[in-house]
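Dear colleague,

Please find below the structure I agreed to pass on to you. My notes on it come after the sequence and coordinates.

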Amino acid sequence: MSETRRKPIAAAATMGRMMGDYFRELDEASRSGSHKVAWCTSVGPAELLRALGFLVYFPENHGAMLGSTRCSTDLIPVANAAGYSPDICSYLTSDIGAYLQRTTPLARAYPGIERVPRPDVLVYNTNQCRDVQDWFGWYARELKVPCIGITSPRSVIDVEAGPVEDVARQIEALVPTLEQVAGTRLDIDRLRETVALSRQCSDLWGEVLATAAHRPAPLTFFDGTIHMGPAVCLRGTPQALAYYRELLAEMRQRIARGVAAVERERLRLYWEGMPVWGRLRQHSELFASQRTAVVASTYCSSWVFKAFDGADPFRSMARAYLQLFIVRDEAYKERYLQEMIERFGVDGILYHDAKTCPNNSNNRYGLPQRLQARTGVPSLVISGDLNDLRCVSDEQTRINVEAFVEQLLERA
């Protein structure tokens with residue numbers, strides 16, 4: 001592999017400080033009891049929790065940290081020994097393994113933090129998968145705290161027909177328990193304000209990702225997996241807006257100056273599926289060495305929620321959570337991917353077949369073949385996993401990517 005230079009994003013320093021403040025505030029609240037702490041799934045009702053005054057922690061974000069710091073392979077067997085199959089979500093098994101081993105990458109990243117914050121309540125949404133319900137249920141039994149949530153439909157054809165009202169009622173039904181835990185009543189105006197802030201955050205994050213439609217792209221999918229942190233953990237807060245305004249300005253400046261994320265970009269790819277967290281840097285450098293920019297992804301775009309509306313908080317939250325790509329039927333997914341191919345001008349699609357994440361692996365039921373027949377855009381499937389590096393073959397990935405790039409160049 002030829003040596004490549006990684007172009008650092010200046011705004012990363014701001015994000016580092018912001019995320020540090022976020023985790024330290026959670027740690028302090030957990031230690032002192034100054035605020036109630038809610039654990040929430042990444043596309044769960046964080047807006048409702050914030051409006052009730054909870055500090056919100058996202059175990060999936062912790063799972064990604066365990067993957068990116070390459071701790072997971074040692075921790076997954078600990079959860080397997082506790083009864084959790086090696087075939088289920090490796091976020092879940094990594095996180096439960098870390099809890100059982102009393103370890104967290106937060107301790108290394110932020111000296112003084114010794115453990116993840118203890119929850120006062122656990123709140124899930126099964127729009128991603130049923131694993132999150134089982135994951136939170138384990139902690140509810142272990143920590144003896146209430147666990148409540150939303151059971152979302154899957155393979156949704158028409159979001160507006162029935163599902164929105166169903167999920168909106170489920171969100172509203174969470175309120176009495178959350179009020180009891182929070183020790184306060186829900187202020188509907190505060191909820192409207194929080195949902196409006198989430199919409200602004202979503203719009204700004206979407207604008208950041210859209211800059212990669214420019215040639216050459218000023219950022220890649222691998223940058224996006226890092227800089228999506230505030231969109232996941234801090235949506236509904238003014239801090240997230242300030243950060244994405246700074247990042248967007250930097251991306252626009254890159255475009256104006258002709259600064260490319262990948263030097264001498266010659267090919268553009270779309271990444272479909274989960275990242276391989278423990279190989280972000282390696283994969284970034286692999287594609288850069290091929291002068292190939294991975295310019296867009298379903299994953300990073302999953303935190304672009306166009307439906308949030310502060311004027312109608314419960315129904316708009318339901319609509320936003322149901323419009324998520326992972327919740328939709330196959331026909332919608334095909335249309336969505338075709339639109340992304342056209343918008344970002346991609347030459348090929350890379351599908352990550354993640355062993356423990358079938359819900360985010362969209363190569364298993366003929367979608368790549370149908371989409372190629374519709375668009376003429378070739379695809380490559382790489383086998384791996386989000387966290388379990390025992391499922392990853394670095395050499396096979398390299399060989400397959402290099403061969404795919406050569407194939408695409410021959411078509412050009």
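The notes below cover one strand with its partners, and then one arginine.

Please bear in mind that this is a predicted model.

Strand β1 spans residues 37–40, and its side chains alternate: V37 and W39 point one way, A38 and C40 the other, and all are buried. Two strands pair with β1. Strand β2 (residues 55–57) runs parallel to β1 and is joined to it by three bridges, with W39 standing opposite Y57. Between these two strands the chain passes through helix α2 (residues 46–51), giving a β-α-β crossover that is right-handed. Strand β3 (residues 121–125) is likewise parallel to β1 and connected to it by three bridges; here A38 is the residue opposite V121.

Helix α2 also contains R50, to which I would draw your attention. Which side chain of opposite charge is nearest to the buried R50? The nearest is that of E47, at 6.2 Å. A salt bridge requires a side-chain nitrogen of Lys or Arg within 4 Å of a carboxyl oxygen of Asp or Glu, and R50 has none although it is buried.

A polar atom of the R50 side chain does, however, lie 2.6 Å from the backbone oxygen of R235. Leaving aside neighbours within four places in sequence, R50 is in contact with C233, L234, R235, G236 and T237, as well as with Y22, V56, F58, R190 and T194.

With kind regards

Notes:
Residues are numbered from 1 along each chain as its sequence is written. This is a predicted model: local features need pLDDT of at least 70, side-chain atom pairs count only at pLDDT 80 or more; totals for chains, interfaces and linings use all residues. Side-chain values use heavy atoms; hydrogens and water are left out. Buried means under 20% relative accessible area, exposed over 50%, partly exposed in between (1.4 Å probe, protein chains only). Helices (H or I, at least four residues) and strands (E, at least two) are DSSP runs, numbered from the N terminus. Two strands pair if DSSP finds at least two bridges between them. A crossover is right-handed if, with the strands pointing away from the viewer, the path from the first strand over the helix to the second runs clockwise. Lys and Arg count as positive and Asp and Glu as negative; His and the chain ends are not counted. A polar contact is a pair of N or O atoms within 3.5 Å; within protein, one must be able to donate a hydrogen and the other to accept it, and residues adjacent in sequence count only if both atoms are side-chain atoms. Contact means heavy atoms within 4.5 Å.
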